[in-house]
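Hi,

Here is the structure I said I would pass on. Have a look at it first, and then read my notes underneath.

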Amino acid sequence: MRARRLAVVDEYVEEGRVAVYSEADVVVLLSELASMAWSVLDETWTDAEDVAAELVDVFGAPGAEGDALTMTEAALHTLAEHGIVELEGA
Amino acid sequence: MRALEVAIDVACTGSGGPELARAVAAAWDWCADDEAQQPHESHRRLTVLLEDDAHLLATTAAGTDLFGTDLTMVMDRLSPVITRLAVTERAGDLTMFHACALADPVTGNTAVLFGPSGTGKTTLARTLGTDFVYLTDETAGVTREGLMVPYPKPLSILLAPRDRLKHQVSPGELGLQPIGSGPYRLTALVQLRRIPDHRGEATLEVLPTIDALPEMVTQTSYTRLMERPLHRLAALAESVGGVRRATYAEAAQLLPVVRDLVTGPS
């Protein structure tokens, strides 16, 4: 799976959390994990494995909660549901 | 009249035109434009038709902005038309909250209390506007410098329990405090949270700015036309020490809250 950002109106970062003003005229507050995944992405396609690697660098390996790639893909799906990220191969 | 500093001419036409003109002048007296027209200033014009002859109405309504056969109904519908015209004119320029704005008469410090319909903004204005200067119960305009642009429109009030339409009542008729020479500066942003069974005093909590942004955007007009709207709203919130969320049941509970927020040093 790979992902890329869609155009947004604005974004605001505060203490590691991100608020995104989407083209659908909605402001979404992202969780810490989704905020980090969002910050890794840009307008070009990025593989979920590469996003997961960046998240492991920042947060460390998830341990008992699950594997990093699964958690990353869940975060990317959340971003896609908010209409601020496009997925391919999901 | 002037609404959010936008000069608007309201032309009252039809057989009820004179009656309508008197009603508009009486209800909108705090928005009356006493200033001479500036040479290069453009006025927006609204044509409103009040005609009790339904047949005549049908043949003359074309080209008007608003028409009807009943004075109370036309007055009720005129208020949002004027607001929409003024807000559209100031889009991208002012930050315009759906809010009640009240100011300390001495310092000019102003609290903007924003929230969706049903949170009691008009009731707040009516209840607290006798202690504080009434700036608006509908749209609080704030300049980039943090100064308030008053819009002291009439208050829409049900005068009798069986009334179907709200009456437009001049703030002066309700004994609200008039606007002085100003200036009025934004010193508090309050998100209204009305809980009908809330007991005791109103509670006030400062929200992290990022958590306040979704509701700020929802309760602000034409946010998308602003340059970097989230940053502009966040900066405004930070300039007044953050957005406060007030939980309350009755308007009177907010009297000490607003007093504390606006009586500080200017």
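Below is what I found in it, starting with chain B and ending with a residue of chain A.

One thing up front: this is a predicted model.

**The two domains of chain B**

Chain B is assigned two domains, with domain 1 covering 2-89 and domain 2 covering 95-262. Their centres, taken over C-alpha atoms, are 26 Å apart. Where they touch, domain 1 of chain B puts in 16 residues and domain 2 of chain B puts in 21. On the domain 1 side, the elements giving two or more residues are helix 1 (17-27) and helix 3 (71-89) of chain B. Helix 3 of chain B has the largest share there, with seven residues. By type, that side of domain 1 splits into ten nonpolar, three polar and three charged residues.

**The sheet**

Chain B also has an open sheet of four strands in the order 1-2-3-4, with mixed pairing. Strand 1 (2-3) and strand 4 (66-68) of chain B are at the edges; each has a single partner strand, so one side of each has no neighbour in the sheet. Strand 2 (residues 6-13) and strand 3 (residues 44-50) of chain B run parallel and are joined by six bridges. Within that pair, Ile8(B) sits opposite Arg44(B) of strand 3.

Two helices pack on this sheet. Helix 1 of chain B touches strand 2 and strand 3, and its direction makes about 150° with that of strand 2 of chain B. Helix 3 of chain B touches strand 1, strand 2, strand 3 and strand 4, with its direction at about 165° to that of strand 3 of chain B. So helix 3 of chain B turns up twice: it packs on the sheet, and it gives the largest share of the domain 1 side facing domain 2.

**Where the chains meet**

Between the chains, 13 residues of chain B contact eleven residues of chain A. On the chain B side, helix 5 (209-218) and helix 6 (229-239) are the elements that give two or more residues, and helix 5 of chain B gives the largest share, six. That side divides into eight nonpolar, two polar and three charged residues.

**Tyr21(A)**

Buried or exposed, where does Tyr21(A) fall? Tyr21(A) counts as buried because 24 other C-beta atoms lie within 10 Å. Tyr21(A) belongs to strand 3 (residues 17-22) of chain A. Its contacts include Val8(A) and Val27(A), and from chain B Val217(B), Pro229(B) and Leu230(B). Tyr21(A) and Ile84(A) are 63 residues apart in sequence, with 8.8 Å between their C-alpha atoms.

Cheers

How values were computed: Residues numbered from 1 in each chain as written. Chains lettered and ligands numbered in written order. Predicted model: local features only at pLDDT ≥ 70, side-chain atom pairs only at ≥ 80, totals over all residues. Buried ≥ 20, exposed ≤ 12 C-beta atoms within 10 Å, placed from the backbone. Contact = placed C-beta atoms within 7 Å. Domains from an automatic or database assignment. Nonpolar A, V, L, I, M, F, W, Y, C, P; charged D, E, K, R; others polar. Pairing = 2+ DSSP bridges. Axes fitted to C-alpha atoms, helices over the stretch in contact; angles between N-to-C directions. Lists of a residue's contacts leave out its neighbours within four places in sequence.
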